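Open the model in your viewer and keep the selection box at hand. Each stop below tells you what to pick and what is there.

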Amino acid sequence: MSVHREIRKITTHVLSEMKARGEKISMLTAYDFSTAKIIDDAGIDVILVGDSASNVMAGHETTLPITLDQMIYHASSVVRGVVRALVVVDLPFGSYQGNSKEALNSTIRIMKESGAHAIKMEGGEEILESIKRILTAGVPVMGHLGLTPQSIYKFGTYTVRATEEDEANKLINDSKMLEAAGCFALVLEKIPAHLAKKVAETVSIPVIGIGAGNGVDGQVLVLHDMLGINKQFNPRFLRRYLNLYDDIKDAVGQYIQDVKSTDFPNEREQY
Ligand code: KIV
């Protein structure tokens with residue numbers, strides 16, 4: 001395993017070098033200072049302040065309700081905890097689909113008010129003009145294709161995307177367009193592994209997968225899912241590294257018992 005300890009800060013340039021030499025890129029979500037600090041210290045390459053905060057932090061069913069102000073709050077908290085990782089922030093639903101000026105204004109607010117390093121946007125050709133305008137302002141853009149949760153009401157389900165030829169061809173074309181426009185990387189969510197591999201071999205920018213198999217240049221997971229804080233979400237692509245829901249519940253149960261029994265605080269735990 002080669003974690004890039006010697007590099008002080010991960011930049012978009014470092015990520016492209018990693019792809020060139022075949023070193024896989026690790027990416028996780030974070031939404032607050034304390035967890036961002038831990039995963040940065042562990043050596044994560046990219047931290048995504050995902051609009052999945054809408055689900056895992058706020059308890060909404062979809063990513064649609066989260067606002068630009070809320071994303072900026074989460075992103076600024078994350079940035080304060082990070083020394084090394086590249087911090088990428090999702091443009092939330094409704095903050096960029098209107099037109100390219102709106103997209104640029106939302107991006108500028110994120111960059112100015114949070115101190116993040118890049119933004120991510122869902123979609124291909126339909127948002128190309130906005131991507132180009134943001135790039136002209138000097139802000140790195142990460143694309144996101146395949147299952148794009150902000151379009152859940154168009155898809156109707158969270159099932160695997162691009163299994164049919166037409167959608168697979170559009171995804172390949174969109175990937176090439178995003179690369180040509182100047183995106184520094186691309187997230188592919190929940191698509192067949194062979195298609196994701198083909199995209200990663202076709203474009204020169206790093207392709208980060210979630211539910212997109214092993215043939216891509218890196219992987220991303222939602223932190224709460226991989227730590228087992230959320231027990232309800234069990235897609236096939238998820239590997240759980242901890243079972244924190246039960247661990248936290250047990251610890252809190254023990255605390256309640258200690259308080260009720262007057263075991264806590266003991267003599268050493270008081271003044
Ligand atoms: O919001 C998010 O967490 C994401 C990842 C699933 C890629 O977009």
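A pocket, on a 1 Å grid over the protein atoms alone, is an open set of points where a 1.4 Å probe fits, with protein on both sides within 12 Å along at least five of seven lines. Its volume is the space filled by probe spheres set on the points, which are joined across faces, edges and corners. This is a predicted model: local features need pLDDT of at least 70, side-chain atom pairs count only at pLDDT 80 or more, and totals for chains, interfaces and linings use all residues. Residues are numbered from 1 along each chain as its sequence is written, and side-chain values use heavy atoms, without hydrogens and water.

**Stop 1: the pocket.** The second largest pocket has a volume of about 590 Å³. Select Ser52, Asn55, Glu189, Val222 and Phe233: of the 29 lining residues (an atom within 4 Å of a point), these are the closest to its centre. By class, 13 lining residues are nonpolar, eight polar and eight charged. Here Ala, Val, Leu, Ile, Met, Phe, Trp, Tyr, Cys and Pro count as nonpolar, Asp, Glu, Lys and Arg as charged, and the others, Gly among them, as polar. Now select α3 (53-56), β4 (118-122), β6 (185-189) and β8 (218-221), each of which supplies at least two residues of that lining. Helices (H or I, at least four residues) and strands (E, at least two) are DSSP runs, numbered from the N terminus.

**Stop 2: the barrel.** Show the strands. Eight of them form a closed barrel, β1-β2-β3-β4-β5-β6-β7-β8, with parallel pairing. Strands pair if DSSP finds at least two bridges between them. Pick β5 (residues 141-146): five bridges pair it with β6 in the parallel sense. Glycine 143 stands opposite leucine 186 in β6.

**Stop 3: strand β4.** Which way do its side chains point? Ala118, Lys120 and Glu122 point one way, Ile119 and Met121 the other. Five of the five residues of β4 are buried (under 20% relative accessible area, 1.4 Å probe, protein chains only), so the strand is largely enclosed by the rest of the structure. Add β3 (residues 86-90), which runs parallel to β4 and is joined to β4 by three bridges. Valine 89 has isoleucine 119 as its bridge partner in β4.

**Stop 4: proline 92.** Go to the loop between β3 and α5 (100-114), where proline 92 lies. Proline 92 counts as buried, at 1% relative accessibility. Select proline 65 too: the two prolines are 27 residues apart in sequence and 8.5 Å apart in space, C-alpha to C-alpha.

Terms used
Buried means under 20% relative accessible area, exposed over 50%, partly exposed in between (1.4 Å probe, protein chains only).
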